[in-house]
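Biologist: Before we use any labels, could you take me through the reasoning behind them, one step at a time?

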Amino acid sequence: MRKQFGMPEGEKLVNYYSCSYWKGRVPRQGWLYLTVNHLCFYSFLLGKEVSLVVQWVDITRLEKNATLLFPESIRVDTRNQELFFSMFLNIGETFKLMEQLANLAMRQLLDSEGFLEDKILPRPVRPHRNISALKRDLDARAKNECYRATFRLPRDERLDGHTSCTLWTPFNKLHIPGQMFISNNYICFASKEEDACHLIIPLREVTIVEKADSSSVLPSPLSISTKSKMTFLFANLKDRDFLVQRISDFLQKTPSKQPGSIVGSRKASVVDPSTESSPAPQEVPEQPASPASPLSSRQSFCAQEVPTASQGLLKLFQKNSPMEDLGAKGAKEKMKEESWHIHFFEYGRGVCMYRTAKTRALVLKGIPESLRGELWLLFSGAWNEMVTHPGYYAELVEKSTGKYSLATEEIERDLHRSMPEHPAFQNELGIAALRRVLTAYAFRNPTIGYCQAMNIVTSVLLLYGSEEEAFWLLVALCERMLPDYYNTRVVGALVDQGIFEELTRDFLPQLSEKMQDLGVISSISLSWFLTLFLSVMPFESAVVIVDCFFYEGIKVILQVALAVLDANMEQLLGCSDEGEAMTMLGRYLDNVVNKQSVSPPIPHLHALLTSGDDPPAEVDIFELLKVSYEKFSSLRAEDIEQMRFKQRLKVIQSLEDTAKRSVVRAIPVDIGFSIEELEDLYMVFKAKHLASQYWGCSHTVAGRRDPSLPYLEQYRIDASQFRELFASLTPWACGSHTPVLAGRMFRLLDKNKDSLINFKEFVTGMSGMYHGDLTEKLKVLYKLHLPPALSPEEAESALEAAHYFTGDSSSEEALPQEEQEGSGSEDVQEKRGEEKGTSSPDYRHYLRMWAKEKEAQKETIKDLPKMNQEQFIELCKTLYNMFSEDPMEQDLYHAIATVASLLLRIGEVGKKFSVRIGRKPRDCATEEDEPPAPGPHHDAARELQPPAAGDPQAKAGGDTHLGKALQEGQVVVEGDSSEGQGSPSQLLSDDETKDDMSMSSYSVVSTGSLQCEDLTDDTVLVGGEACSPTARIGGTVDTDWCISFEQILASILTESVLVNFFEKRVDIGLKIKDQKKVERQFSTASDHEQPGASG
């Protein structure tokens, strides 16, 4: 498979299926290969080959449908084509696997914390020999997710197995058939009939697991007893002995707070408050079974210091007036409480409660104020996480106190906007509690940090629970019940908005088109869903919806939203614009009342909308809920999850498109590429970044993507990835020398020395090679052979024998540059340290950086430092390699030989002047350890020592002085009796200098290089040899020799063939297409008469 589709070794095949791919109206029978990162199809029939590769991250739509044209087919859409596959042996299994793989890819694009965990499963440490083993892992993942979602269990819970059985339900004296699920910390039961019975038994609560005697009435029974004195009887278990052994193994691993204590002394959850009033002994803090347990058994972080550590704000700020004083409302509330206590008596209280249709009916009638916090904790699953992580919240509060980040800044800004109409948040007690909970969560989950709307939801949670309880409820909301809602891009809310639009089309077709025209759905759904109606309805009414939400999940929110639209259909159809529709819906929601509420009415901010006209009739919240269940109860949790997957594809791909457009807009207009070319380059660049993630490369630095960063910084590549892109996209192909040139280009572009470049830097580098005139292109090439692009190691490689000398001047030449880079990297490290001190990036830093980038920084050729002999040799090497594959190869070789000869002579002449005139700037140069030439005074040698090649400022100063002197026709020589003895070139005659310094190369060029027919790469090597220290008197390196960019430019302009080569237009589009095929960045299908490689 890898050979067939050109996949790397790291790509893993999950499974393959026989099917037909519809190419036009003709089905091509073949094989569909599903890998971790790609969907591939191959067919070879009657001499026709069809090969297809689609990357999962490119899929925008994946659905199973049946039409007349494509019966029982799977449709796969990308941005530029639609693909249909049919004739599967088992279409259900295939589609389910495709869904899982596409979902993994979307998680990767979203880059939530979950993806890092997800990566572990499909990429095992040991490669699977059996193909189906990887598929089993993915199936196990799907079952785990479904199991956790069904029973609201923590994210780290792993399903061990499940089996069919029956459960004896004492409340109706029946054996209910269903499935028993066993994981490392829980035993759960779900009936076949949806609402018949759900049961969650934490292993921490289990005291006895007993095999009862089998009988014909009750075959293979299993009895499980808990600390709360409840006994659960399962029967009809197929492999009871193995099951008991597994439960026993898990029980042994379950941590126990009191290993030696007897069961009777342990604290049980309250079965009936009237019969159990005295608390159990409290020698050691014990994990309680229910939120109704006495507070002393679950001490919070600072019970003595802060009142909100032990109870909800509502109890603190509400006057404890007896229920009798509230009249009919008080009586109704008391009846609700009594109903729940009867329910607890019959069905159990706490985590191990039987959850049935009757439980849901009670929730729909409204949870009484006194039980709301307890039941929210149970139904959401937050209670399980809270009791298994004692002290976790207190630690977070301690760690996060006094820490500053972008999240804390946003939290401070929103604190006083959180339910300001409620008395609990009109003083510092409520505000401080809200600050602690939000900051602790931002510290726990920096990926989410803080998002608007979290403050409103958390303030309501604090009303009904302590700070620790509110914190764990927030965890359940953000990480399980409303996945991806509260991140920087509110992806989850956008996904559910898409579901809402789809449901509107299905249930309210006559309204759907009008809503689309008005553009209302996108406006209403975010505010309704993100705050669970708390920001748009009176508080007393919205909490009833929150009650149902914690029991039923997002289904309730969607149902109520549909019911609101249905109730206002006529008015909405008559609306002419979005503003009118929003005002009308706002007024309706503001008049949804809870007549049973015992809390004093709280003024609602939306009351402003009702001013002027007569307010609409009041709507009872319980009536609205009843209508929503009657008309839209056909919604099922499984269907919503299916729709979520479908919408997630659309939402994430549209966000990716937005990111692409934003990045392309951030590229300066003078870059030279068209919008289409920039978008194509972005896709290739992104693919390279993603490839490092899914093929397990060692690029850990570039592997993580932080979606909180600006779009431009989200995708970055390292040097090895850049090298691959450079090789396939550069117009300057240099054969085996290309990776070296790519490394230099990377160092040139990496301004901040973090070993990563972003898209803007990448495009800047590409533009320098593709666009601009001859001067601009040569300028880029010139810079690639100067520090920092040219590393000291590469410069030394031009001098074969440089390592022979202990005090080699080349090593000292590199020192100033290294020191400069070292200081630069220290600055970068300091900046990084500052950034690491905060949990999120400082956006002001990016604004300042962009403002600087926008400032016109015109670099003239005068600003470019001069090039020494080593660097010039490297430049010649590059040019020779660059011309080796060109059709005009011989002409180019002749031209560059001529230019190189001329420039070497110019450098020699310039050297003589620089020795005389450039002495003053070199007074500060460091002494080099070289053997003294015969006869010179040591002081004179030191005084006239040439500057280090890595110090362009010293050279530039001397050379500029030289240039001016030459222009004025004057030679300035300072009076010094020993000056002529200071330089080796002054100790020798002109002939000796010529013969010694450049014998081999100059003998070629001086006899007329234009007639040389067979000049090849050896010429450069000869030049390099001539410049090596061994070829020099006394073993010294010729550091006086230098050449300027103007001289190189002027010399090249004399050769028309070189000018034509650099001004030749190259189409980057063709190179991008080739690169896309390599990267499999977008779907490509080939249809050949003869297969290129049918193996």
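Modeller: Let us begin with strand S13 (residues 222-226), which is joined to strand S14 by 4 bridges, the two running antiparallel. Please keep in mind throughout that this is a predicted model.

Biologist: What makes S13 and S14 count as a pair of strands?

Modeller: Two strands pair if at least two bridges are found between them, and S13 and S14 are joined by 4 bridges, so they count as paired. One of these bridges sets Leu222 opposite its partner Phe234 in S14. The two strands form a hairpin with 4 residues between them, and Lys229 in the turn has a positive phi of about 65 degrees.

Biologist: How do you know that strand S8 (residues 159-169) also pairs with S14 (residues 231-235)?

Modeller: Here there are 2 bridges, in the antiparallel sense, and because at least two are required, S8 and S14 pair as well. In one of the bridges, Thr166 has Ala235 of S14 as its partner.

Biologist: Why is the contact between Arg744 and Glu874 called a salt bridge?

Modeller: The closest N and O atoms of Arg744 and Glu874 are 2.7 Å apart, which is within the 4 Å cut-off, and therefore the name applies. The pair links distant parts of the chain, with Arg744 in helix H29 (residues 738-749) and Glu874 in helix H35, 130 residues apart.

Biologist: Why are Arg744 and Glu874 both called buried?

Modeller: Buried means under 20% relative accessible area; Arg744 has 1% and Glu874 has 2%, so both are buried.

Biologist: What makes Glu502 and Lys646 a salt bridge, and are they buried or partly exposed?

Modeller: Their side chains meet at 3.7 Å, N to O, and because this is within 4 Å, the pair is a salt bridge. Glu502 has 13% relative accessibility, under 20%, so Glu502 is buried, whereas Lys646 has 23%, which lies between 20% and 50%, so Lys646 is partly exposed. Glu502 and Lys646 are also linked with Arg61 and Glu63 in a network of salt bridges.

Biologist: How do you know that Ser20 makes a polar contact with Gln29?

Modeller: The side chains of Ser20 and Gln29 come to 2.6 Å, and since the limit is 3.5 Å, this fits the term polar contact. Ser20 has its place in strand S1 (residues 13-23), and its relative accessible area is 1%, under 20%, so Ser20 is called buried.

Notes:
Residues are numbered from 1 along each chain as its sequence is written. This is a predicted model: local features need pLDDT of at least 70, side-chain atom pairs count only at pLDDT 80 or more; totals for chains, interfaces and linings use all residues. Side-chain values use heavy atoms; hydrogens and water are left out. Buried means under 20% relative accessible area, exposed over 50%, partly exposed in between (1.4 Å probe, protein chains only). A polar contact is a pair of N or O atoms within 3.5 Å; within protein, one must be able to donate a hydrogen and the other to accept it, and residues adjacent in sequence count only if both atoms are side-chain atoms.
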